[in-house]
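Welcome! Take a moment to look over the sequence and the 3D view, and then we will walk through them together.

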Amino acid sequence: VARALTVAELRASDEPDLRAWGDDVHDERSGDLLLLLDPGVVLRAGVGTDWGSHHPYDRQVPLMLLGQGIAAGHHSGPAEALNVAPTLAQVMGLELPAVLQERVLSAALIAR
């Protein structure tokens, strides 16, 4: 274990990776204390990998969108799991609340 922090400490951290991890924690469902493991450490026996730590190698995953309404090509830049639903909703022509409109990966969409 590298560190043990509360959710409040994660969210108040100066480290962007820790703040982002704090934003992923559910206030009512998480424990009072969160353990931050050293890089490459997995606590479950018999499991070769894990997902969801605060380390950048666990937070960065490729995102591929294919289909009608999706622009061809490679679009580099940040994308998060929080971008998927608003982007797909936009492709389907669904009305989005203003707070989700800024989450749409517009560069990946064909302009209408």
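## Who does R19 touch?

Leaving out residues up to four places away in sequence, R19 touches L10, R11, S13 and D14. This arginine is found in helix α2. One of those partners is worth zooming in on: the side chain of R19 reaches the backbone oxygen of D14 at 3.3 Å. Please keep in mind, as you look at such distances, that this is a predicted model.

Is R19 buried or exposed? Its relative accessibility is 33%, so R19 counts as partly exposed. To get a feeling for distances along the fold, try finding T6 as well: R19 and T6 are 13 residues apart along the chain, and their C-alpha atoms are separated by 11 Å.

## The chain as a whole

Now zoom out. The protein chain has 5 helices and 2 strands. Starting from the N terminus, the elements follow the order β-α-α-β-α-α-α. The radius of gyration is 17 Å, well over the 13 Å that the globule rule gives for 112 residues, so the chain is more spread out than a compact globule. You can compare that with the span of the C-alpha trace along its principal axes, which is about 50 × 30 × 25 Å.

How much of the chain counts as buried? The share is 21% of the 112 residues. The accessible surface comes to about 8400 Å², and 55% of it belongs to carbon and sulfur atoms. Contacts also tell us about the fold: among those with a separation of 6 or more, 42% are between residues 24 or more positions apart.

## Two salt bridges

Side chains of opposite charge can pair when their charged atoms come close. How many salt bridges does the structure hold? There are 2.

In one of them, the side chains of E15 and R3 meet, with 3.0 Å from N to O. E15 lies in the loop between α1 (7-11) and α2 (16-24), while R3 lies in strand β1 (residues 3-5), so this pair ties together parts that are 12 residues apart in sequence. Both ends can be found with some access to the surface: E15 is partly exposed at 38% relative accessibility, and R3 is partly exposed with a relative accessible area of 36%.

In another salt bridge, the side chains of D27 and R11 meet at 2.8 Å, N to O. This pair links distant parts of the chain, 16 residues apart: D27 is in the loop between α2 and β2 (34-36), and R11 is in helix α1. D27 is exposed, with a relative accessible area of 57%, whereas R11 is partly exposed at 31%. You have already met R11, as it is among the residues that R19 touches.

## A nonpolar patch on the surface

Which residues form a nonpolar patch on the surface? They are V1, L33 and L35, and together they have about 300 Å² of accessible area. L35 lies in strand β2. With a relative accessible area of 44%, L35 is partly exposed.

## Buried residues: N83 and V104

Next, find N83 in helix α4 (residues 81-91). Its relative accessibility is 7%, so N83 counts as buried, the cut-off for that word being under 20%. Setting aside neighbours within four places in sequence, N83 is in contact with R103 and L105. With R103 there is a polar link to look for: a polar atom of the N83 side chain lies 2.7 Å from the backbone oxygen of R103.

V104 sits in the segment after α5 (98-101). This valine is buried too, with a relative accessible area of 12%. Not counting residues up to four places away in sequence, V104 touches P86, T87, Q90, L96 and L109. Finally, look at V104 together with A85: the two are 19 residues apart along the chain, yet their C-alpha atoms are separated by 8.3 Å.

Key
Residues numbered from 1 in each chain as written. Predicted model: local features only at pLDDT ≥ 70, side-chain atom pairs only at ≥ 80, totals over all residues. Heavy atoms only, no water. Salt bridge = Lys/Arg side-chain N within 4 Å of Asp/Glu carboxyl O. Helix = DSSP H or I, 4+ residues; strand = E, 2+ residues; numbered from the N terminus. Buried < 20%, exposed > 50% of the residue type's maximum accessible area, 1.4 Å probe, protein only. Polar contact = N/O pair within 3.5 Å; in protein donor to acceptor, adjacent residues only side chain to side chain. Contact = heavy atoms within 4.5 Å. Patch = residues over 30% accessible without salt bridge, like charges linked within 9 Å, V, L, I, M, F, W, Y side chains within 5 Å. Areas by Shrake-Rupley, 256 points an atom, 1.4 Å probe, with all protein chains shown as cover. Rg over C-alpha atoms; globule rule 2.2 N^0.38 Å.
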